[in-house]
Amino acid sequence: MNTDLLVVGSGFFGLTIAERAARELGLKVTVIDRRPHLGGNAYSEDEPETRIEVHRYGAHLFHTSNERVWEYVNRFTRFTDYVHRVYTRHNGEVYPMPINLGTINQFFRSAHGPDAARDLIREQAGELAGTDPQNLNDKGIQLIGRPLYEAFIKHYTAKQWQTDPSDLPAEVISRLPVRYTYDNRYFNDTHEGLPVDGYTAWLERMADHPNIEVRLDSDFFDESQPYSKSNTVGQVPVVYTGPVDRYFDFSEGHLSWRTLDFEREVLPTGDFQGTSVMNYPDADVPFTRIHEFRHFHPERQYPADRTVIMREYSRFAETGDEPYYPVNTAADRERLLAYREESKREKNVLFGGRLGTYKYLDMHMAIGSALSMFENRLQPFLRGTASL
Ligand code: UDP
């Protein structure tokens, strides 16, 4: 086998490993991907009619407070000064998200300052004040009180997860801050922006090294393929970033995932909603949000009379669907532990990325954990000073 390392999956995790092994250690790396393009779910493409960059698998916003990751990603792309802001349309009115003083005052038709708003929310969360909520429903009510929770969170979450919020872990909502200021930035991180010439150019630059070969349309589980599981495991070190349950042939059962469906449309107007993301938190609308891609790049020259929108729908993944969000039920967590044990026993194979670890990793987390895996596990092994 004419390769020193096989990377299964060409998303951010896999490409970071491949780039480091090739550039830092001078190794020959083969990256395979089942799909006809690289980049996993971060892949983007220009919509053919308008040339507007569309994130095919849903909007990807890069943000990080990790200096090491920020320095690393800047080797491959520059970033625009885009700052993500989200609005939400409830009962025919548009409010800023995440919930902040602007949302609170608009919702209650009030002009509270931070202290008065805090008092109001405390009063409304009264039933659960001082408790340590274990599920999303209770956590939501405790954070913002019942009326705001029911308006902006309850149905949105039900649409996104199709699971009673009382059965979802409280952490899901911890991703969303509540602010007693008018700051409506979606992310709190030190660094934020979008790749100046798009995600695909960035991903291609990571793979652009004479020692890296990317083989698309190559399924690890397709036995007729030279870099299949049975042809490679035991012959060459493997970093596997596909679904961990698939690797072990679902021996411990299937891990459950949410998948997304997207409905893309070109509209004959230069601006449909005036912003990049509008959430739809009400129960009577079937989608969760609408993305309008031109607003991610106001610095670009896009057509003045056409725009591209994408409605996002969420549902349980079935066989053959793309996995997006780990559902993480109690049964899933038990299975995951069993798969982790099996992974440890698998010689010369490391598991990483969102699918390989069954963790909802943002892009910067996938890159950060790949850098750590490279340094702590792979580099010592490939230099011959440790085993995998
Ligand atoms: N959420 C909500 N209403 C919103 C936005 C988010 O209830 O308008 C909740 C929902 O439960 C969601 C979670 O917050 O699953 C995390 O949202 P985020 O926007 O971080 O999700 P992502 O963009 O990663 O899908």
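The following exercises, with worked solutions, concern a predicted model.

**Exercise 1.** Determine which strands form the open sheet and where helix α1 packs.

*Solution.* Begin with the strand order: the open sheet has five strands, arranged β9-β2-β1-β10-β16 with parallel pairing. Next, identify the edges, which are β9 (212-215) and β16 (349-351), each pairing on one side only. From one strand to the next, the twist averages 20°. Helix α1 packs on this sheet and touches β1 (5-8), β2 (29-32), β9 and β10. The direction of α1 makes about 165° with that of β1.

**Exercise 2.** Establish how β16 is paired and which helix lies across it.

*Solution.* Strand β10 (residues 238-240) and β16 run parallel and are joined by three bridges. In one of these strands, β16, V349 is the bridge partner of V238. Helix α13 (residues 363-382) lies across β1, β10 and β16, and runs at about 160° to β16.

**Exercise 3.** Describe the length and the covering of helix α1.

*Solution.* Helix α1 (residues 12-25) has 14 residues and reaches 19 Å from its first C-alpha to its last, close to the expected 20 Å. Twelve of the 14 residues are buried, among them F12, F13 and L25. Just after α1, G26 takes a positive phi of about 65°.

**Exercise 4.** Explain why strand β14 is described as largely enclosed.

*Solution.* Count the buried residues, those under 20% relative accessible area. Seven of the ten residues of β14 (residues 307-316) are buried, so the strand is largely enclosed by the rest of the structure. Then consider its partners. Strand β11 (residues 257-267) pairs with β14 in the antiparallel sense over ten bridges, with L267 opposite T307. Strand β13 (residues 289-292) also runs antiparallel to β14, through four bridges, and E292 stands opposite I309.

Key. Residues are numbered from 1 along each chain as its sequence is written. This is a predicted model: local features need pLDDT of at least 70, side-chain atom pairs count only at pLDDT 80 or more; totals for chains, interfaces and linings use all residues. Side-chain values use heavy atoms; hydrogens and water are left out. Buried means under 20% relative accessible area, exposed over 50%, partly exposed in between (1.4 Å probe, protein chains only). Helices (H or I, at least four residues) and strands (E, at least two) are DSSP runs, numbered from the N terminus. Two strands pair if DSSP finds at least two bridges between them. The expected span of a helix is 1.5 Å times one less than its number of residues. Axes are lines fitted to C-alpha atoms, for helices over the stretch in contact, and angles run from 0 to 180 degrees between N-to-C directions. Contact means heavy atoms within 4.5 Å.
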